[in-house]
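Visitor: Could you take me through one part of this model up close, and then show me what else is worth a look around it? I'd like it in plain bench talk.

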Amino acid sequence: MASCDRREFLASVAAGVAASAVNGGAAATGPEQAAAAQIPAPAGGLAPLAFTPMPIGAIRPAGWLLRQLRIQANGLTGHLDEFWPDVGESQWFGGKAEGWERAPYWLDGAIPLAWILDDGPLKTRIMRYVDFMITHQRGDGWYGPYPVDAVAKRYDMWAILLANKVLVQYHEATGDGRALDAVVKSLKAILAGLDRTPLYGWGKFRWYEGLVSIYYVYERTREPWLLDLARKLRDQGVDFEALFATDDIRRPTPRRGLWKWTKHVVNTGMAAKAAAMNWRLSRRPGDKRFASAMIALLDGAHGQVNGMFSGDECLAGRNPLQGTELCAVVEFMYSLEHLFAAFGDAAFGDRLERVAFNALPATFAPDMWSHQYDQQVNQVQCTINPDHLWTTNGPESNIYGLEPNFGCCTANMHQGWPKFAAHLWMRTPDEGLCAVAYAPSRAAFTVRGVPVTVSLDTDYPFRGQLAISVETERGVAFPLVLRVPAWAEGATIRVGNLPERRLTPGSMHRVEREWSGRVAIALRFPMKAAITTRYNEAVAVERGPLVYALKIDESWTRVNADKPHRELPHGDFEVRPASAWNYGLVADPARPDESVRFEERPVGEQPFSPQGAGMVARATGRRIPAWKIAHGWAAEISPADVAWSDPGRSVTDEPDEDVTLIPYGCTNIRITEFPRLKPR
């Protein structure tokens with residue numbers, strides 16, 4: 001999904017807009033106007049998915065992914081409710097603390113984590129919390145924390161949409177029919193309430209999140225009123241296609257600028273799925289085009305090398321110093337999982353891996369007991385910084401802590417790894433299995449009554465070798481669909497004893513056969529180095545799905561010890577460099593293999609940590625003494641400062657050094673976009 005400018009964006013969706021008009025739709029007139037196209041529901045109800053996610057628990061993690069999920073369960077996710085009042089004492093669970101989004105946010109990640117790991121103690125606590133939510137739902141369908149006059153008065157619908165999304169996930173994991181009944185009652189209350197109190201605020205910008213639970217219930221009941229509710233939410237919500245046709249969406253928010261609903265990065269990460277959700281309702285061809293065009297526009301205007309777009313906390317351009325909020329990372333991943341399921345485009349799987357293996361782990365401490373609100377691509381220290389240049393966030397935004405800047409990420413960060421694990425494999429429409437993203441795992445399912453297990457043994461993304469085994473109790477035919485990453489030039493597959501075959505990068509490769517007993521499949525995705533040109537003509541090192549960054553020695557200092565709930569290990573920490581960081585890279589984009597050398601290492605117990613990195617790289621660097629800290633950050637460095645192509649000028653007389661790069665997701669502080677230096 002390449003970047004695009006506004007004219008390309010408009011052209012890419014014009015045909016879809018025209019199709020909407022043919023179907024009786026009216027063009028929206030402003031970015032916050034509801035999606036005005038009144039499209040009748042398809043005769044067959046919802047459009048079928050290209051690939052269907054598997055139930056929670058059908059996919060089990062293995063290898064490094066199992067270790068990562070256990071780190072999460074042993075860290076903040078598995079213990080947050082035990083000490084953080086906004087969850088443990090939430091009004092959702094009978095307490096007096098916050099009764100809006102924070103407890104449902106936590107459940108949204110804790111539920112899949114607990115059931116994927118089959119973590120008994122965590123499951124027991126969650127079941128107790130959900131039981132309280134269900135049993136304290138009022139007779140009018142509204143949940144306990146909502147005021148009795150919620151329908152008559154304006155009350156933002158967002159937390160109810162979130163709670164219903166949580167409860168259908170719980171129903172899928174447990175089969176508890178009470179959860180499904182509670183969602184049905186809630187949806188009926190929403191259907192009636194929206195006539196008197198239309199969506200506004202967060203609910204207006206997040207209407208598509210409500211469709212998650214609506215579609216879940218519809219696929220089990222086929223009740224037509226549910227699609228009426230889905231259309232009502234869409235028609236009252238923001239039209240993102242119209243929003244993204246405006247010039248303002250491309251402009252970086254000024255540093256210390258004005259917070260805007262339309263440029264809020266978490267809204268944007270969530271909204272990436274809006275096209276897929278609306279397409280299932282309307283089958284409008286333009287939705288498929290818009291889904292890719294929206295991401296391409298974000299890449300062109302705000303894209304970061306880690307797979308994300310900036311937003312600290314509003315869209316902030318391509319500068320690697322501008323941060324990205326953790327909530328946006330996990331929400332964009334969830335949107336990509338929906339986009340892949342709906343449209344089956346391999347590019348969405350590629351992008352999901354890039355975010356999951358780079359941006360997601362980089363914003364947590366390796367033990368997952370602390371996290372950042374904002375991460376930076378070029379992040380050489382993380383301190384309480386009153387001199388910051390965020391768009392609208394505050395001085396503690398990129399320290400590692402319990403709730404730096406604001407507690408929404410403390411509540412919402414938990415869904416990233418568990419939902420990634422739950423979407424590694426999906427079912428095909430013809431009873432087969434599709435590999436969406438690659439990580440060590442096992443998927444169990446049945447085909448026409450025959451139990452099947454598909455296992456993946458791999459150190460991917462640190463390695464390019466993947467060993468898949470398909471095991472069946474007796475012979476049964478079904479397709480196995482394998483995503484081939486777009487970067488995997490020279491990829492091959494060997495099925496059983498058959499000859500090795502070449503694969504097409506960026507494709508979905510389909511293996512059709514009868515499977516019997518155990519069949520081994522060997523996949524090879526060659527990971528070639530790439531040196532890409534980024535903001536201000538800086539260069540970044542990439543290999544396969546991973547981005548590489550300078551390994552910097554770290555000094556961690558505990559701060560805020562006087563604040564509530566900052567007892568160790570869930571404390572707040574500043575991180576400063578204990579080694580030089582101000583390096584330029586001597587690198588030739590045309591000859592990356594001559595510029596960077598890679599060395600395999602064992603994947604550590606903490607897979608995403610400086611010590612646990614499963615691959616390291618060596619490159620030639622040179623210190624730039626004039627590159628210093630400014631405003632608490634690595635100063636911005638321009639092409640004129642480096643002038644690498646000017647043979648008569650040198651930005652540094654320092655000697656060449658062998659510098660170590662490790663995967664971006666393994667770093668806590670780093671330089672990722674390097675000034676490019678000329679060779680001597």
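**A close look at T363**

Guide: Let's start with T363, which sits in the loop between α17 (346-362) and β4 (374-375). Keep in mind as we go that this is a predicted model. Is T363 buried or exposed? Its relative accessible area is 0%, and anything under 20% counts as buried, so T363 is buried. As for the company it keeps, set aside residues up to four places away in sequence and T363 touches L326, H371, Q372, Q375 and Y400.

Now hop along the chain to S595, another buried residue, this one in a helix. S595 belongs to helix α20, which covers residues 592-595. Its relative accessibility comes out at 10%, and because the cut-off for buried is under 20%, S595 makes the grade. Which residues does S595 contact once you leave aside its neighbours within four places in sequence? They are I531, V586, A587, D588, R618, A619 and T620. If you want a distance to check on your screen, try S595 to V355: the two are 240 residues apart along the chain, and their C-alpha atoms are separated by 25 Å.

Next, a pair of helices. Helix α6 (residues 120-135) packs against helix α8 (residues 177-196) with the axes 10 Å apart and an angle of about 40° between them. Angles under 35 degrees would count as roughly parallel and 65 to 115 as roughly perpendicular, so α6 is oblique to α8. The two cross in the left-handed sense. On the α6 side the contact is made by D131, I134 and T135, and on the α8 side by R178, A179 and A182. Sort those contact residues by type and you get three nonpolar, one polar and two charged.

Last stop, some strands. Strand β7 (residues 441-447) pairs with strand β8 (residues 450-458) in the antiparallel sense, over seven bridges. To find your place in that pairing, look for R442, whose bridge partner in β8 is S455. Two residues lie between β7 and β8 in this hairpin, and R448 in the turn has a positive phi of about 50°. β8 also pairs with strand β9 (residues 465-483), again antiparallel and joined by seven bridges. There, V454 stands opposite V470 in β9. β8 and β9 make a hairpin too, with six residues between them.

Conventions
Residues are numbered from 1 along each chain as its sequence is written. This is a predicted model: local features need pLDDT of at least 70, side-chain atom pairs count only at pLDDT 80 or more; totals for chains, interfaces and linings use all residues. Side-chain values use heavy atoms; hydrogens and water are left out. Two strands pair if DSSP finds at least two bridges between them. Helices (H or I, at least four residues) and strands (E, at least two) are DSSP runs, numbered from the N terminus. Axes are lines fitted to C-alpha atoms, for helices over the stretch in contact, and angles run from 0 to 180 degrees between N-to-C directions. Angles under 35 degrees count as roughly parallel, over 145 as roughly antiparallel, 65 to 115 as roughly perpendicular and the rest as oblique. A crossing is left-handed if the near helix is turned anticlockwise from the far one by less than a right angle, and right-handed if clockwise. Contact means heavy atoms within 4.5 Å. Ala, Val, Leu, Ile, Met, Phe, Trp, Tyr, Cys and Pro count as nonpolar, Asp, Glu, Lys and Arg as charged, and the others, Gly among them, as polar. Buried means under 20% relative accessible area, exposed over 50%, partly exposed in between (1.4 Å probe, protein chains only).
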